[in-house]
Amino acid sequence: MMITLENLRHDANGCIRCSNCKWVDHIYMKSARFARICPITQKHAFNLYSAPGLMYSALAIMDNGIRFTPALLDALYKCTSCGACDVRCKRNLDPEILSVIEALKAKAVEVGAGPMAEHRAVAKNIETTHNRYSAPHADRLNWLTEDIKPSVKADILYFVGCAASYADPSIARATARTLLSAGTDFMVSTDETCCGHLLYSTGQFDAFKRQAERNIKMLEQSGAKTVLLSCAEGYKTWKVDYPKILGKSTSDMNYNVVHITEHVDTLLKSGHVTFTKQVPLKVTYHDPCNLGRLSEPWYHWEGTYERYGVPNPVKHFRRDGHAGVYEPPRNILKSIPGIELVEMERMKENAWCCGGGSGAELAFPEFASWAASERIGEAKETGAEAIVTSCPVCKQLFQRTAKENQTNMKTYDMAEIIEKALP
Ligand code: SF4
Ligand code: SF4
């Protein structure tokens with residue numbers, strides 16, 4: 001069943017307006033200060049800015065009750081598609097809340113109301129230069145240095161992504177050096193193009209499907225069987241959104257998807273990686289939405305809902321959030337000599353989104369900075385000197401916001417921390 005609003009009417013209709021999706025699961029809630037989980041709800045305190053508000057808007061759009069007004073577009077595109085509401089809703093119920101939000105964005109694009117101008121500009125960049133920054137495609141591998149020589153052919157393809165290729169090459173270099181140090185044979189491809197995450201998450205499904213097909217063809221032609229990523233957005237895109245847009249399950253794809261933290265954690269456990277250098281730092285780990293609760297495998301389902309809403313055939317529900325990549329980064333940090341890991345109140349499936357996802361930072365930079373400030377404040381409460389994350393968007397936003405707020409909270413990517421600890 002394709003992700004269209006009409007196909008998801010049952011799910012939008014399944015919202016009972018209980019508002020559970022606005023709060024951290026009460027079992028894990030530790031304080032009133034950090035009890036909220038939906039950034040748009042906390043910022044605006046008006047029901048349109050929430051999952052139930054968007055569910056009812058979706059129904060009203062389908063029934064021609066309302067149009068995509070500027071207010072609705074503001075709420076819809078400030079929503080970072082972080083998936084917190086979906087996880088919280090599925091604690092008790094089973095509607096596909098996040099899929100409805102994604103389909104509502106796609107409907108806005110279909111009728112010409114969305115996405116925001118900043119998202120259209122990125123789509124144009126991707127179409128013309130194959131990357132989100134409009135940088136020359138020929139420069140995509142400029143991050144490679146003399147000491148980094150990937151194989152010409154290997155079973156593992158390191159898909160670097162736009163951010164690490166162009167904007168933050170220290171992440172790409174740290175990842176490649178980690179792989180070389182661990183003896184992992186890997187290749188990179190000059191034919192890599194933007195994963196398309198921003199296209200999918202802003203509802204530009206046609207352009208996203210073209211990117212999915214382009215990159216899957218690139219992978220097939222490379223001969224590699226595993227895609228390794230250092231970027232949370234790319235990881236979720238290959239694992240969840242490519243199958244989703246193609247009407248398949250993750251298990252139907254003829255490739256494996258591995259994040260660098262999963263790979264290093266496996267090598268740590270088998271003794272093929274040892275951390276020898278001291279990294280004296282008290283850190284807290286920020287779970288990127290796309291590596292945490294959003295990264296569970298996708299299960300394609302086509303069918304009908306019968307009496308009492310029973311799905312026929314049986315549906316595999318996902319996104320209670322428990323199958324995200326939570327332990328590998330934490331295991332790694334705990335294994336590095338000198339690192340002290342302290343946890344924030346909202347963690348794992350209950351993590352607070354940085355505020356930058358799904359193009360929200362591009363279109364609404366002040367909102368994104370506010371959400372990031374909330375997270376930096378939560379990190380400070382732990383006594384940590386630095387936030388470690390696994391997503392270049394989170395890293396960039398935290399660094400920009402810390403500078404704006406004149407706080408001394410540092411942010412590192414996991415790959416950079418790993419590289420510091422290697423022999
Ligand atoms: S989306 Fe789910 S959790 Fe949120 S109000 Fe609706 S039914 Fe309740
Ligand atoms: S996806 Fe995130 S920002 Fe959007 S409504 Fe759900 S919890 Fe709020």
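**Asking why: strands, rings and odd backbone spots**

User: In E9, which residue is the bridge partner of Tyr-285?

Analyst: In this predicted model, Tyr-285 has Val-388 as its bridge partner in E9.

User: What makes E5 and strand E9 a pair, and in which sense do they run?

Analyst: Two strands need at least two bridges to pair, and E5 and E9 (residues 386–389) have 3, running parallel. That clears the bar, so they're called paired. E5 also has 3 bridges, again in the parallel sense, with strand E8 (residues 339–341). There, Leu-281 sits opposite Ile-339.

User: Why is strand E5 called largely enclosed?

Analyst: Look at the residue count: in E5 (residues 281–285), 4 of the 5 residues are buried, so the rest of the structure largely encloses that strand.

User: What order do the strands of the open sheet have?

Analyst: The order is E2-E1-E3-E4, a sheet of 4 strands with parallel pairing.

User: Why do strand E2 and strand E4 stand at the edges?

Analyst: E2 (186–187) and E4 (256–259) each have a single partner strand, so each has one side with no neighbour in the sheet. On the E4 end, 4 bridges link that strand to E3 (residues 226–229) in parallel. With at least two bridges needed, E3 and E4 count as paired because 4 is enough. Leu-229 stands opposite His-259 of E4.

User: How many aromatic pairs does the count come to?

Analyst: The count is 11. One of them joins Phe-159 and Trp-238, with ring centres 5.3 Å apart and planes at 70°.

User: What makes the aromatic pair of Phe-159 and Trp-238 edge-to-face?

Analyst: Ring centres must lie within 6.5 Å, and planes over 60 degrees apart count as edge-to-face. With 5.3 Å and 70°, both tests are met, so edge-to-face is the right label. The pair also ties distant parts of the chain together: Phe-159 is in strand E1 (residues 156–159) and Trp-238 in helix H12 (residues 232–245), 79 residues apart. Both Phe-159 and Trp-238 are buried.

User: And how do you know that Tyr-200 and Phe-205 are stacked?

Analyst: Their planes are 5° apart and their centres 4.9 Å apart. Stacked means under 30 degrees, with centres within 6.5 Å, so the pair qualifies.

User: Why is Tyr-200 called buried?

Analyst: The cut-off is under 20% relative accessible area, and Tyr-200 has 2%, so it's buried. Phe-205 passes too, because 13% is also under 20%. Tyr-200 and Phe-205 belong to one aromatic cluster, whose other members are Phe-159, Phe-208, Trp-238, Tyr-242 and Tyr-255.

User: How far is the charged end of Arg-17 from the centre of the ring of Tyr-56?

Analyst: It's 4.6 Å from the centre, with the charged end sitting over the ring. The distance limit is 6 Å, so 4.6 Å fits that part of the rule. Lys-315 does something of the kind over the face of Trp-301, at 5.2 Å from the ring centre.

User: Which residues surround ligand 2?

Analyst: Among them are Cys-38, Pro-39, Ile-40, Cys-79, Cys-82, Gly-83 and Cys-85. Helix H2 (39–44) and helix H5 (84–89) are the elements that each give two or more residues to this shell. By class there are 8 nonpolar, 3 polar and no charged residues around ligand 2.

User: What is the sign of phi in Ala-45?

Analyst: Phi of Ala-45 is positive, near 45°, and this residue isn't glycine. Most residues other than glycine have a negative phi, so a positive one stands out. Ala-45 is in the loop between H2 and helix H3 (51–62).

User: Why does Ala-45 count as exposed?

Analyst: Exposed needs over 50%, and Ala-45 has 68% relative accessibility, so it qualifies. Asn-64 also has a positive phi, near 60°. Its relative accessibility is 70%, so Asn-64 is exposed. Asn-64 lies in the loop between H3 and helix H4 (70–78).

User: Where is the peptide bond with omega near -5°?

Analyst: It runs from Gly-114 to Pro-115 and is cis, with Pro-115 in the loop between helix H6 (97–110) and helix H7 (117–129). The bond from Asn-312 to Pro-313 is cis as well, with omega near 0°.

Notes: Residues numbered from 1 in each chain as written. Chains lettered and ligands numbered in written order. Predicted model: local features only at pLDDT ≥ 70, side-chain atom pairs only at ≥ 80, totals over all residues. Heavy atoms only, no water. Near = heavy atom within 4 Å. Nonpolar A, V, L, I, M, F, W, Y, C, P; charged D, E, K, R; others polar. Phe/Tyr/Trp six-rings, centres within 6.5 Å; stacked < 30°, edge-to-face > 60°. Buried < 20%, exposed > 50% of the residue type's maximum accessible area, 1.4 Å probe, protein only. Lys NZ or Arg CZ within 6 Å of the ring centre and 35° of its normal.
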